[in-house]
Amino acid sequence: SSHLSWGLKDPALYPTFATQYGATDVTNGSLILVCGENSTVLDAADLYEEDYSNYYLTGTSSVTFDGENKITSAIYRLTKMENKNTNAIIDAIHFGDKVPLLLVPAIYLSTVITHLFGGSAGREGGSLGCYIGRLFHLDEKDMRIATLCGMSAVFSALFGTPLTATIFALEVISVGVFYYSALVPCIVASLAALAISNAFGIAPTQFTFALTAVPKLLLLRVAALAVCSLMSILFCVTMHGTERLFASRIPNTWLRIAAGGAIVVVLSLLVGTGDYNGAGMDVITRAIEGGQAAPDAFFWKLLFTAVTIGSGFKGGEVVPTFFIGATLGCVLGGLLGIPAGFAAALGLVCVFCGAVNCPIASMVLSIELFGAGQLVYFALACGIAYMLSGYFGLYSSQKILYSKLRTEFINIHAK
């Protein structure tokens, strides 16, 4: 990208180079981040950790990189994108605000760092739709459609689900109102993004599960399984609560991210597996296609993700809802007499639906991920999940305009 550049400077050859950034003594291996007139220097001593525990036995020490938290924090401080995420895009559509241009590279770089160093989060991207709209001199109303197109394109490119991406963008902004005027533009944007993604060899997200024989009273059992959508409430409350807890207890952003990173490391050592680091798509696949999931997998993923995102690392929340829903559904399926893989698929869709308050998009998601063969069961599960999830949601800027239980205009923000 023309907006990003990097270079190497040897302190021995350029002893005064760092002084222009306010640093008088910089060691070899240090990192200087610059954004416009703003800059910060991360000294090598703060980026690398040297272990001397075996020095007296072997005469050597080991050095490990430990600067991912400081780099993430520095990127968001320099770009002034702290606390900017999907809510910024939703606000841009509600109020006609501009999506900060630097949000896109900031989200991308910070998400890569989170995944690279084992944080628990999903895929995330930023929308350039409003800036493309400005390029074509669109008016305020059309700019909002351009932003919706950007949302659709990002979702489609990330998951390979163009129809879900389209419906999600039109449904998530204001629950109860569907932005029909943006339907065709969003479909075109989603398909274009999918084509580009395919050109880079990125395969769409799809799963298969075995349902050879339909159990008796399957509709009732699916309805019972839909109560796992209550997990979406716990997920939203935990995510928001953890973020507030970290912010209140540790006001300094650098220390907050460092504390979160340390907790993730301790948790990883405690559970003794890397299943809960990163996105966890292999665990989701195992639950749906193999019908296998640890009974406590959903709990650990919830905890890992809440600490990662709540402490300031960046990444998507959608894939963690997939993970939690699939593993919880897989476990509950055995108790309800539903094939484990099918139950995992239902759980995935239910928790996603409850977290984002988008039942139509969730039904379409079930088709694009699992095929249309069992659509009636997914539709029932989505309807119940939407009803039971209350007025909680991942995105605090999301408006819920109509009651989920009565024909009543309520116009509230998601909790």
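Biologist: The axes of α8 (residues 162-172) and α17 cross at roughly 175 degrees. What makes α8 roughly antiparallel to α17?

Modeller: In this predicted model, the two axes come within 8 Å and cross at roughly 175 degrees. Angles over 145 degrees count as roughly antiparallel, so α8 is roughly antiparallel to α17. Both numbers are worth quoting, because two packed helices are described by the angle between their axes and the distance between the axes.

Biologist: Which residues of α8 and α17 meet?

Modeller: From α8 come P162, L163, T164, I167, F168 and E171, and from α17 come P359, I360, A361, V364, L365 and E368.

Biologist: How do the residues of that contact divide into nonpolar, polar and charged?

Modeller: They divide into nine nonpolar, one polar and two charged. Glu counts as charged, and E171 and E368 are both on the list. T164 is there as well, and Thr falls outside the nonpolar and charged groups, so T164 is polar.

Biologist: Let's move to the loop between α16 (340-356) and α17 (359-370). What is notable about the phi of N357?

Modeller: N357 sits in that loop with a phi near 60 degrees, a positive value in a residue other than glycine. That is worth pointing out because most residues other than glycine have a negative phi.

Biologist: And is N357 buried or exposed?

Modeller: Buried: N357 has 0% relative accessibility, and the cut-off for buried is under 20%.

Biologist: Where is N411, and what is its phi?

Modeller: N411 lies in strand β7, residues 409-413. Its phi is near 50 degrees, again a positive value in a residue other than glycine.

Biologist: Why is N411 called partly exposed?

Modeller: The relative accessibility of N411 is 36%. Buried would need a value under 20% and exposed a value over 50%, so N411 counts as partly exposed.

Biologist: What about A414, in the segment after β7? How do you know that A414 is buried?

Modeller: A414 has a relative accessible area of 6%, and buried means under 20%, so A414 is buried. Its contacts, not counting residues up to four places away in sequence, are Y391, F392, G393, Y395, S396, Q398 and I400. With G393, the C-alpha atoms are separated by 5.2 Å, although the two residues are 21 residues apart along the chain.

Biologist: Helix α15 (residues 318-336) holds L328, and V331 is found there too. Why is L328 called buried and V331 partly exposed?

Modeller: L328 has 9% relative accessibility, under the 20% cut-off, so L328 counts as buried. V331 has a relative accessible area of 24%, between the 20% and 50% limits, so V331 is partly exposed.

Biologist: Which residues do L328 and V331 touch, leaving aside those within four places in sequence?

Modeller: L328 touches C228, M231 and F298, while V331 is in contact with A293, A294 and P295. As for C-alpha separations, L328 and D296 are 32 residues apart along the chain and 8.3 Å apart in space. V331 and A344 are 13 residues apart in sequence, with 7.9 Å between their C-alpha atoms.

Biologist: Now to the segment before β1 (31-35), where A18 is found. What makes A18 buried?

Modeller: A relative accessible area of 10% does, as buried means under 20%. A18 is 23 residues from V41 in sequence, and their C-alpha atoms are 8.2 Å apart.

Biologist: How many disulfides does the structure hold?

Modeller: Zero. A disulfide would need a pair of cysteine sulfur atoms within 2.5 Å. As for individual cysteines, C236 is buried, with a relative accessible area of 1%, and C350 is buried as well, also with 1%.

Biologist: To finish, what does the chain come to in helices, strands and buried residues?

Modeller: There are 18 helices and seven strands. Of the 415 residues, 48% are buried. The accessible surface comes to about 19600 Å², and 62% of that belongs to carbon and sulfur atoms.

Biologist: And what share of the contacts between residues at least 6 apart in sequence joins residues at least 24 apart?

Modeller: That share is 67%.

Definitions and conventions. Residues are numbered from 1 along each chain as its sequence is written. This is a predicted model: local features need pLDDT of at least 70, side-chain atom pairs count only at pLDDT 80 or more; totals for chains, interfaces and linings use all residues. Side-chain values use heavy atoms; hydrogens and water are left out. Helices (H or I, at least four residues) and strands (E, at least two) are DSSP runs, numbered from the N terminus. Buried means under 20% relative accessible area, exposed over 50%, partly exposed in between (1.4 Å probe, protein chains only). Contact means heavy atoms within 4.5 Å. Accessible areas come from the Shrake-Rupley method with a 1.4 Å probe; for residues, only the protein chains shown count as cover. Axes are lines fitted to C-alpha atoms, for helices over the stretch in contact, and angles run from 0 to 180 degrees between N-to-C directions. Angles under 35 degrees count as roughly parallel, over 145 as roughly antiparallel, 65 to 115 as roughly perpendicular and the rest as oblique.
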